[in-house]
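Colleague: Could we go through the ring contacts and the internal cavities together? I have the model open and would like to take it piece by piece.

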Amino acid sequence: MEIEGVRTDRLGLLLDQFDKAREMAGVRLAGLGDEEYLWEPVPGCWSLRRRAEATTPRAFGPGEWLLDLGAADIPASEYAEVARQAAGGMSVEKIAEDWSVTVERVEQILAHTGEPEPDETPVTTIAWRLGHLHYEFAGNWEWTFGERRQDPKQMIDFSPSAALTLERFWPVIDRWRADIGALTEDQLDTVGLSQYPYGSDPEEPFISVLCGANLEFIHHMAEIALLRDLWRARVTTPR
């Protein structure tokens with residue numbers, strides 16, 4: 001159904017949401033320079049590092065530059081999601097596999113009472129946020145429409161160049177959007193249409209996976225926009 005050119009079907013709503021977010025993100029990322037792209041607003045940020053200079057234990061990537069990734073854990077902000085997975089019938093073993101943590105850690109979180117632990121998720125750079133979105137959407141496409149064989153974390157050759165990153169990034173996003181737009185209603189309801197190897201995609205109807213992908217794009221782009229605002233407004237102390 002259409003109301004004055006606005007789609008109201010499930011896929012149409014999600015496509016319109018994504019298209020608007022994509023348009024806004026394109027505007028907000030215009031003019032991004034290398035110094036801003038790699039800017040670390042506080043000590044201990046996650047970013048891109050040369051392979052020989054990586055400091056986080058699970059940094060990854062196929063080339064010279066790696067995307068930071070720390071020791072496996074579940075941030076406090078995701079405890080509710082862990083509880084939801086357990087309530088939905090996922091085994092403790094499967095939840096642990098999805099989050100790359102031990103079974104004991106999942107059991108500890110599920111048994112947790114009282115106030116949540118402090119969320120120690122690090123501050124990340126624009127380079128990290130873009131790299132995160134880049135490999136996830138490349139992997140989403142590979143494990144939904146592609147050959148379903150490449151490790152998403154080894155698909156993207158990360159670069160310290162903002163211009164080169166964006167030149168490579170937007171075609172990945174637009175390819176995903178093009179193939180999503182051709183999905184049928186039956187495909188939206190198909191459990192396991194996505195076999196993305198990290199997370200619970202293979203156990204979910206694709207409409208849920210698609211909703212999650214939209215949220216991932218929107219919230220990371222909002223964070224990037226904030227970092228751009230902080231870069232512009234930063235206070236520099238004369239030497």
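Colleague: Is Trp176 buried or exposed?

Modeller: Trp176 counts as buried in this predicted model, because its relative accessibility is 2%, under the 20% cut-off.

Colleague: How many aromatic pairs does a search of the whole structure find?

Modeller: The search finds 12 aromatic pairs. In one of them the rings of Phe137 and Trp176 have centres 5.8 Å apart and planes at 85 degrees, so the pair is edge-to-face. Phe137 belongs to helix H6 (residues 126–142) and Trp176 to helix H7 (residues 162–180), so the pair ties together parts that are 39 residues apart in sequence.

Colleague: And Phe137, what is its relative accessibility?

Modeller: Phe137 has a relative accessibility of 0%, and therefore counts as buried.

Colleague: What about Tyr196 and Tyr198, how are their rings arranged?

Modeller: Tyr196 and Tyr198 form an edge-to-face pair, at 6.0 Å centre to centre and with 75 degrees between the planes. Tyr196 is buried, with a relative accessible area of 5%, whereas Tyr198 is partly exposed, at 30%. The ring of Tyr198 also has the charged end of Lys153 sitting over it, 4.6 Å from the ring centre.

Colleague: Which ring does the charged end of Arg22 sit over?

Modeller: That is the ring of Trp170, and the charged end of Arg22 lies 3.9 Å from its centre.

Colleague: Back to Trp176, which residues are linked with it into a cluster by ring pairs?

Modeller: The cluster is made up of Phe18, Phe137, Phe145, Trp176, Phe206 and Phe217.

Colleague: Changing topic, how many cavities of 30 Å³ or more are there?

Modeller: The count comes to two, and the largest has a volume of about 60 Å³. Its lining includes Tyr37, Leu130, His134, Asp157 and Arg168, and the lining residues divide into four nonpolar, four polar and two charged. H6 and H7 each supply at least two of these residues, with H6 giving the most, at three.

Colleague: And what lines the second largest cavity?

Modeller: That cavity, with about 40 Å³ of space, is lined by Leu14, Leu15, Phe18, Trp176, Arg177, Ile180, Leu210 and Asn214. The elements that give two or more residues to this lining are helix H1 (10–28), H7 and helix H9 (206–233). By type, the lining of the second largest cavity has six nonpolar residues, one polar and one charged. Phe18 and Trp176, which are among its lining residues, also belong to the ring cluster.

Methods. Residues are numbered from 1 along each chain as its sequence is written. This is a predicted model: local features need pLDDT of at least 70, side-chain atom pairs count only at pLDDT 80 or more; totals for chains, interfaces and linings use all residues. Side-chain values use heavy atoms; hydrogens and water are left out. Rings of Phe, Tyr and Trp (its six-membered ring) pair if their centres lie within 6.5 Å; planes under 30 degrees apart count as stacked, over 60 as edge-to-face and the rest as tilted. Helices (H or I, at least four residues) and strands (E, at least two) are DSSP runs, numbered from the N terminus. Buried means under 20% relative accessible area, exposed over 50%, partly exposed in between (1.4 Å probe, protein chains only). A charge sits over a ring if NZ of Lys or CZ of Arg is within 6 Å of the ring centre and within 35 degrees of the ring normal. On a 1 Å grid over the protein atoms alone, a cavity is a set of points where a 1.4 Å probe fits but cannot get out, and a pocket is an open set with protein on both sides within 12 Å along at least five of seven lines; lining residues have an atom within 4 Å of a point. Grid points are joined across faces, edges and corners, and a volume is the space filled by probe spheres set on the points. Ala, Val, Leu, Ile, Met, Phe, Trp, Tyr, Cys and Pro count as nonpolar, Asp, Glu, Lys and Arg as charged, and the others, Gly among them, as polar.
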